[in-house]
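Could you walk me through this structure in my viewer, one selection at a time? I would like to know what to pick next and what is there.

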Amino acid sequence: MDGIVVLARVISTARLHGVGIGSSIGEVDQAVKADFIEVADEGHRTLRRDYGFVELYFSGGPGEWSMTSGMIELHRLAADDQGMAAEWRRDTGVEFPEYCSWSELREELSRTPDAPDIDLRPQGGYLEYRVPETKVSVLVVDSEEERDDCPGHGDVWSLSLG
């Protein structure tokens, strides 16, 4: 499956592979079959799972972890020398491009049934496209820099859930 299609779904539903804010860690384990590094801070009752360019955050405690937010850090795929995109494709069947332009993603989103309204907020070097309904934000590079080892002008930097 194409990563841009998946991103459009995340924007319109606030769900990645069927999980989102409020999903239990068991539901995430069932939906996201990918390797991760887990960091728990039991004193603050938080847990972070780092899947490479995808990070999911939880609160609660052992046996009751609940997803509180997430981030798809597309900027990590530019100059991806660690094979994160290849691992994600192997584990989930989704192929993400090295770069994703906002115009490509916006076009895909326009084909989504009941495409959500999007608010625009400048964020110092980035444009934040926020969907109030789903509480998903898309950060887009607003500098004049061209693509290189980082996304350039008009490219998506990240998507945030929550």
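**Stop one: a bridge between helix and strand**

Start by selecting aspartate 29, which is partly exposed at 32% relative accessibility; buried stands for under 20% relative accessible area, exposed for over 50%, and partly exposed for what lies in between, with a 1.4 Å probe and protein chains only. Before going further, note that you are looking at a predicted model, where local features need pLDDT of at least 70, side-chain atom pairs count only at pLDDT 80 or more, and totals for chains, interfaces and linings use all residues. Residues are numbered from 1 along each chain as its sequence is written, and side-chain values use heavy atoms, with hydrogens and water left out.

Now add arginine 49: its side chain and that of aspartate 29 meet in a salt bridge, 2.5 Å from N to O. The term salt bridge is used for a side-chain nitrogen of Lys or Arg within 4 Å of a carboxyl oxygen of Asp or Glu. Arginine 49 sits in strand 2 (residues 46-50) and aspartate 29 in helix 2 (residues 25-31), so this pair ties together parts that are 20 residues apart in sequence. Helices (H or I, at least four residues) and strands (E, at least two) are DSSP runs, numbered from the N terminus. Arginine 49 itself is buried, at 5% relative accessibility.

**Stop two: more salt bridges**

The structure holds 15 salt bridges, so there is plenty to click on. Select aspartate 50 and arginine 76, whose side chains meet in a salt bridge of 3.7 Å, N to O. This pair links distant parts of the chain, 26 residues apart: aspartate 50 is in strand 2, and arginine 76 is in the loop between strand 4 and helix 3. Aspartate 50 is buried, with a relative accessible area of 17%, whereas arginine 76 is partly exposed at 26%.

Next, pick glutamate 107 and arginine 111, a salt bridge with its closest N and O atoms 3.3 Å apart. Then select Arg48, Asp50, Glu55, Glu73 and Arg76 together: salt bridges that share partners join them into one network.

**Stop three: two cysteines**

How many disulfides does the structure hold? It holds 0, a disulfide being a pair of cysteine sulfur atoms within 2.5 Å. Select cysteine 100, which is in no disulfide; the nearest cysteine sulfur, that of cysteine 150, is 15 Å away. Cysteine 100 is buried, with a relative accessible area of 4%, while cysteine 150 is partly exposed at 37% relative accessibility.

**Stop four: positive phi angles**

Most residues other than glycine have a negative phi. With that in mind, go to aspartate 114, which is not a glycine yet has a positive phi of about 55°. You will find aspartate 114 in the loop between helix 4 (102-110) and strand 5 (119-122), and it is exposed, with a relative accessible area of 76%. Lysine 135 is not a glycine either, and its phi is positive at about 60°. Look for lysine 135 in the loop between strand 6 (126-131) and strand 7 (136-141).

**Last stop: aspartate 81**

Finish at aspartate 81, in the loop between strand 4 (66-72) and helix 3 (84-92). Is aspartate 81 buried or exposed? Aspartate 81 is exposed, with a relative accessible area of 71%.
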